[in-house]
Structures are given as structure tokens and as C-alpha cells.
Amino acid sequence: MWRCRPPHTSIDGGLATVPLPLPAERHPRSAGCSSGPRPCLQQGRQQFRQPARHCPQATSGLDTMTERFGGPEEIYDVYVNQPEPLEEGVEKHVISVFVADESGIINRVAGVFARRGANIESLAVGLNIDKALFTIVVAGTQSVVANLVKQLAKLVKVRYVEDITHGERVERELVLFKIRAPPGPTRMEVLQLVEIFRARVADVSERSVTLGVTGDAGKTTAMERALSKFGILEIARTGKISLKRGSALLQMGGWGDSSTRREHQARGAAEQPQAASAEGLPGSEPDVYMVDEHGGEGVWQVDNLLDAPTYAGEFEPHTLSIEVEDRPGVLNQVTGVLARRGYNVQSLAVGHSEVEGQSRITTVIPGSPEATAKLVKQLNKLVYVLKVTDLSAAPFVKRELALIKVRCEAAQRRELSDLAAIFHGTICDVSLSTVTLEMQGKETKIGALQGLLAPYGILEVARTGRVALARDSGVDTRFLQRMKGSRVML
């Protein structure tokens, strides 16, 4: 049996190595040790948890750490899961990829990482009218990530790619927690943590509470650890989204400004003949997913449904929750199934789940119930896919996070502050000429705020895409609209 101690943080922020004692049968004897087997290992678990002070070899590391950090060391009789540091020369990079909307673009972006064995830690993308901004977090050396950026820039419909790791930026993510919290003192303590972390309650049932919290990775991780003692049932997290701080813009130079948009449209028109001549070469194949021209209308022709208040037509948005193993290329396998069937993915969010070594992919696709049921069966056949659930069949909590950078003079800050407060948003960054707003909620709510901010001049928008969890309460507005109401007798 081994006695395990959690790693300690050294003075310079690294992990200090603590020597572990040898097993009882192999522990060397010395003048300070009693003859025969060590008594502390024969008197049960209660004795085992206490330091063996009579054994110098076993306590030398403990004494060293006590003197260095000024207190007794916590000792466990189980292995405690602790984060492991990255290898030397490896760091986490944040890559922004601006693309034009097209069926299959997500699969091609994920394929660049899969072909090079890079494991995406988080990915967030939400369709905004006819364009989208990917925010991808991947670990690797500087040379490896630089090669990935070059390969991404070669894809058709990719406007620009930028590694914003070492710049000043605003970084946020959204996490939905479903916590085991029955009525009583436990629920009261959970609600106190909600107030401390400025989270929001999204659903309450007899056995659980669903919370939504936004912030940087440190805040969301701290809340996850604080809630772990109550029992976390499910976690759905978006990837990180980032925008540069202040008036600095991404390399594209702007998002919604009319003059900037016209400039980029002219640049795209100038480059289009070259692309057309390349496609005309014999044997050449464009980097797009083609659809038979006689195939009629299908899911590849569906516009953005998430910004529409009502859904008309054959296709409706279906929210799929896909639990997968953390393996390089698994995202490419999932998006490949969608791309081969021509689905235009409306949003995609990838993040770690409540189980170590697993991730949850939340995606929204247009389709009919029958076609979506067949798609779920195909996804379940993939090797590293553990479970696929169509959340649209029952009431569920859905949220999205957006960062919006708006042109703003000093005299307009009060107006924008009041406008953000009406939508329960916050201002997360201010410069002399810009304001960055943080907003979470349903897609229609974010779209309404964008419409009101358009006259001021929207410079950039980063959206996470939808994350969702099933409602344990079993009730939401969409569900009630399908139920018969009670008759009023007059």
C-alpha cells in the first residue's frame, strides 16, 4: 500500500516534487525504525492516515515540506486527481478563425487538426447571419501551432486566421451545471454560492438545480470545485471566446462596419476569378462539399434558424448532446458524419464534461424528426462516441454567450450601459472609442441586442454557440405551447 500526497505549488508557481515512502515490505530498516514490519501499516486505515513520525525515511519529505510551507501536510489514503503541468515548450494557444458560412466548413477546420494529431481542448462557433468566428484552444509548441495557422488559412471560405495567445484580450466561457440539491440546507448553500459567483439559476426541480455561470477559466473552475461536494450530475460548457482588449481589432479589421464590409467584399471579388480559374482545371476538386443540382431542397439550403423567433417550413433546429472520449480526431469524425449528409451546422460548442477523459459536444442542426433520428443512429456507431441525445424532444435549458465590441464615444457610454442593463448584460472592457459587452441568454435575446447596437457601429462579434441540458422540472414555454389549456366556462 502506498501513501499518496497531493502535489504542492512551489514558490515560482511550479509543482514541487514530494518524495513518497516505499511499500511496507520494501521499506529499509534503520536505527530509528522498530524491528519487524511497521506498526502504522498494520493498525488499519485510521492509523495509516497519520504521519509515521517514528520513521525518519518516511517522514523526511514531510518535514521538508512542513518547514518550507509553514504548516502540516494534508495526507490522503486515496489517489487524488490533480492537474498535470504541460510539457516543456508546450503552451495553450487561442486561435481565431473568421469564415463565411458554408455547409461543411466546420468539418474542414476540424480536419486540419485531426490530420496533424492535434487535440482541440475547446471550440466555440456560432453562426451570425452569413459569417462565423471560430475560437479554438489547442496545446502545442510555437512551431506546430504556426503550421496549423498556415494550413487553416489555405481553406476555401476562410477569411483570416490569427493566433491571439500573447495579446491582451477579453476571454469568457459559459458553463451550465446541474447539481444534486434537494430542498433544505443543501439547496440554501448552493444558492449562496450562486450569489458569490454571480451565477444564474436556470432550472429547479425536486432533486436538482441547474446553474449558468460566465467568466474566465479560473472562475468557472473555482465554481466547479466548490460545487463538486454536492454532486455534479451534468456539465455543458462552451469553448472559450476571445476578443482583443481596447480599440484593437482582429486582423480582418472589423465586423459590422459598413465601410469595412464593402472593402472586404471588394477584396473578395478581386480574388474570385483566380479561384474560378483554379476550379476549371481538369481533375481539380474545390475544397467544398458539393450537392447534386437535381437533388432539390434540403438541409444544406436552410438559413440560420437560431435567430428566427418562429420556425416555418419542414426543418426545425434540433439540439444534439454528444458525449465523446478525449481522443484526437473525434471532432472530425462527428462533423464528418454531418458534412457527408449535407447538414449546415448552426452552432457548435465543445468542452470537457463532468467525467474525466470525456467531452460533451453540443451542436444545432436543421432537420425533420425522422431524419434527425437516423442521424443519431449514425453518430452512435462511431468508435469514440459514447452517447448521443436529441434534447429537442423534451424541455431543455439552452444558453449562449456573446462578446460584442461596439464603437462608442465618451458621451454614449451611459446609453450603452443602460442598454446592457436592460438585457442583463455587462460591460467587460472600455477604451476611448470602444465598449465590449458580455451577454448570455437565448439566441433571440442576443439578436435583439445586436439589432439595437447596430446604429452605434458593431465592430466585432464572438459567439459561443448553444449549450443545453435537459430540464429536470419537465416544463418550458415551448412544451406548454403544445399542451391543451384548461377550458374557461362562461
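**Burial and salt bridges in a predicted model**

Me: Why is Lys 229 called exposed?
Reply: Lys 229 has a relative accessibility of 59%. Exposed means over 50% relative accessible area, buried under 20%, and partly exposed in between (1.4 Å probe, protein chains only). Lys 229 therefore counts as exposed. This is a predicted model, in which local features need pLDDT of at least 70 and side-chain atom pairs count only at pLDDT 80 or more, while totals for chains, interfaces and linings use all residues. Residues are numbered from 1 along each chain as its sequence is written, and side-chain values use heavy atoms, with hydrogens and water left out.

Me: What makes Glu 189 and Lys 229 a salt bridge?
Reply: Their closest N and O atoms are 2.6 Å apart. The rule asks for a side-chain nitrogen of Lys or Arg within 4 Å of a carboxyl oxygen of Asp or Glu, so the pair qualifies. Glu 189 lies in helix α5 and Lys 229 in the loop between α6 and β10, 40 residues apart, so the pair links distant parts of the chain. Helices (H or I, at least four residues) and strands (E, at least two) are DSSP runs, numbered from the N terminus.

Me: Why is Glu 189 called partly exposed?
Reply: Its relative accessibility is 32%, which falls between the two limits, so Glu 189 is partly exposed.

Me: How do you know that Glu 234 and Lys 178 form a salt bridge?
Reply: The N to O distance between their side chains is 3.1 Å, which therefore satisfies the rule. Glu 234 is in strand β10 (residues 232-237) and Lys 178 in strand β7 (residues 169-180), so the pair ties together parts that are 56 residues apart in sequence. Both residues also belong to a network of salt bridges that includes Arg 207 and Asp 472.

Me: Which of the words buried and partly exposed fits Lys 178, and which fits Glu 234?
Reply: Lys 178 has 2% relative accessibility, so it is buried. Glu 234 has a relative accessible area of 23%, so it is partly exposed.

Me: What makes Arg 414 and Asp 418 a salt bridge?
Reply: The distance is 3.6 Å, N to O, so this pair also passes. Both residues lie in helix α10 (residues 413-422), four residues apart, about one turn of the helix. Arg 414 is exposed at 61%, and Asp 418 is partly exposed at 36%.

Me: Why is Gln 450 called buried?
Reply: Gln 450 has 10% relative accessibility, so it counts as buried. Gln 450 is found in helix α11 (residues 443-453).
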